[in-house]
Amino acid sequence: MIARLFGVPTVLKLVSQKLLLLAVGLMLFAPTAANAAIVWDGENGTSWWFDPVNWNINSNANNVLPPGSASATDIQINNGYGINAEGVVYDPTNDPNFANVGSFTFPSGYGAQTFDNLYISRATTSSNLLTVKGDMNFVDGIVVGRSSGVDGVATTGRINQVSGNFLIPLDEFDLAGPDTSQAGIGNGIYDYRGGVFDIGSVGGPGMRMSHGSGTINGTTAQPTGASGVARFIVHNPSTGGYARAFNVAIASFAGIANTTDGGTTNRDPDGINRGVGIFEFHYENGQTRPFQVPFNLSINNGLTSATGGTRSSRLELVLNEAACVGAACVPNDIGLFDVDFGGVFGGLILGTGDLNGNGSEVDDRVFSSADGTTHYREGDMVSAVFGSTQYNWTISYTGDISWIDADNSVVDTILGAGNGKDVVLIGHSSVSAGTPGDFDDDGDVDGRDFLAWQRGNSPAPFSSGDLSTWQTAYNGGALAGIGAVPEPTSLVLLCLAVVPFMGRRRA
């Protein structure tokens, strides 16, 4: 059955992953030797990856392109390649300097286009962008958006993957991560637009979003703390490929236990500027591209009592096209995360944090909205707007995603609650996104719209937010003072307040 859904090559690959994971388990987490860093220079205004003028000869006496030195080297892109254009461009097919690397000797054990560590925006207040259009293979982990080096100041590192294979087989990928010897905040963005994104194909930590460090800086006697905001953007291009990470930990760092951090600045996650992880899925070409997680998905959300830190795991749905056709149509079902992808490792949805204040830190493994104000529990409504229509889905953390071709992200079926371990959105309804409070879409806001809300025919059925919208819009805000979440008695009074106006429309 698994072979039919996922294809024989994928199943064999996943089985080999399990065997290799057992064989190299100790090696995966062993510390690696620190390597000298080659810092991106950017002379002559060129940002081609393979142009030798872009590598700082002061830190690399041989003046060769990484990894063309006698030993492995760290790579840092730090010098302010902004995040609005293409920044530094890795494109072996079109880079006019790619032929130059033919004479360079790669370090022992490294193949062509295989690199060691990569850091983007490390110990700098500049923001930097790397655009990937070819194969990049990393022996060690990378950090996108590392600490700025200035306390209280954030820097942003970003990678846009347009095509190619972006691979880290054994080590971690930190999206927004700390520098153990630097203060400041690091924000990280990864924008997947095509190709293959594969972290931990034979196991390992996988992807950590908004990680942190509890180590103490010997100079300031202060911990580096939690990193900033991590955002992973998943597009669904018409081309093949997939996005996959062995483990995914969102807002992974809980803070530093029983520590005031030695100074006046609290560096524990606060769920606002530190310790925030956002997954942004784009609906296009008739579907989203579900993120494949062979092992565990950790959704960390809320307060950790042992540290006093608060984390935030968020979900954002962006519609690049209509989610269904016709008036009041039911939007297509959407796949978000295939947890325990392939069914080999027994993966689960995990996570800690007290989101609802009930004292338990293991029952809030759910996402919040993009702004962190609304929490999406099993069966709750998730909405997004395209054009003049708002589309609504119910979210499930016990759904199931099956595949026709997993290696090219071709989805077969999506099932709702009670069918598996996957995070899915099941189509519910669509309504006009016109006048706020006009739930019956007749061009005005009146008592009939309250009745529509009462029957569940508003954008977020039965929600206090929709009721508040109606109250504010109705008769110039005449009912705005009535409680937003009415008790039964208040609801009766509200109905009585509406009755006198039912026969007339607002002037």
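**A disulfide, a helix and a parallel strand trio**

Cys324 is buried, with a relative accessible area of 10%. Its partner is Cys329: in this predicted model, the two cysteines form a disulfide, with their sulfur atoms 1.8 Å apart. Cys329 has a relative accessibility of 10% and so counts as buried too, the cut-off being under 20%. As for handedness, the torsion about the S-S bond of Cys324 and Cys329 is about 70 degrees, which makes the disulfide right-handed. A disulfide is, after all, a covalent bond between the sulfur atoms of two cysteines. The count for the model comes to 1 disulfide.

Next comes the strand pairing around strand 11, which covers residues 173-177. This strand is mostly covered, as 5 of its 5 residues are buried. In a regular strand, side chains alternate between the two faces of the sheet. Strand 11 has a parallel partner in strand 8 (residues 142-146), and 4 bridges join the two. Within that pairing, Val144 finds its bridge partner in Leu175 of strand 11. Strand 14 (residues 207-209) is also a partner of strand 11: the two run parallel and 3 bridges join them. Here Phe173 is matched with Met207, its bridge partner in strand 14. Strand 11 thus pairs with both strand 8 and strand 14.

Helix 3 takes in residues 447-454. Just at its start, a side-chain oxygen of Asp446 reaches to within 3.1 Å of the backbone nitrogen of Arg448. Along the helix, the buried residues are Gly447, Asp449, Phe450, Ala452 and Trp453. An α-helix has 3.6 residues a turn, so residues three or four places apart point the same way. The list of buried positions in helix 3 mixes aromatic side chains, Phe450 and Trp453, with an acidic one, Asp449. After the helix comes Gly456, and its phi is positive, near 85 degrees.

A last stop is the loop between strand 4 (114-115) and strand 5 (118-120), where Asn117 lies. Asn117 counts as buried because its relative accessibility is 10%, with the cut-off at under 20%. Its side chain makes a polar contact with the side chain of Asp116, at 3.2 Å. Asn117 is therefore a buried loop residue with a side-chain partner in Asp116.

Notes. Residues are numbered from 1 along each chain as its sequence is written. This is a predicted model: local features need pLDDT of at least 70, side-chain atom pairs count only at pLDDT 80 or more; totals for chains, interfaces and linings use all residues. Side-chain values use heavy atoms; hydrogens and water are left out. A disulfide is a pair of cysteine sulfur atoms within 2.5 Å. Buried means under 20% relative accessible area, exposed over 50%, partly exposed in between (1.4 Å probe, protein chains only). A polar contact is a pair of N or O atoms within 3.5 Å; within protein, one must be able to donate a hydrogen and the other to accept it, and residues adjacent in sequence count only if both atoms are side-chain atoms. Two strands pair if DSSP finds at least two bridges between them.
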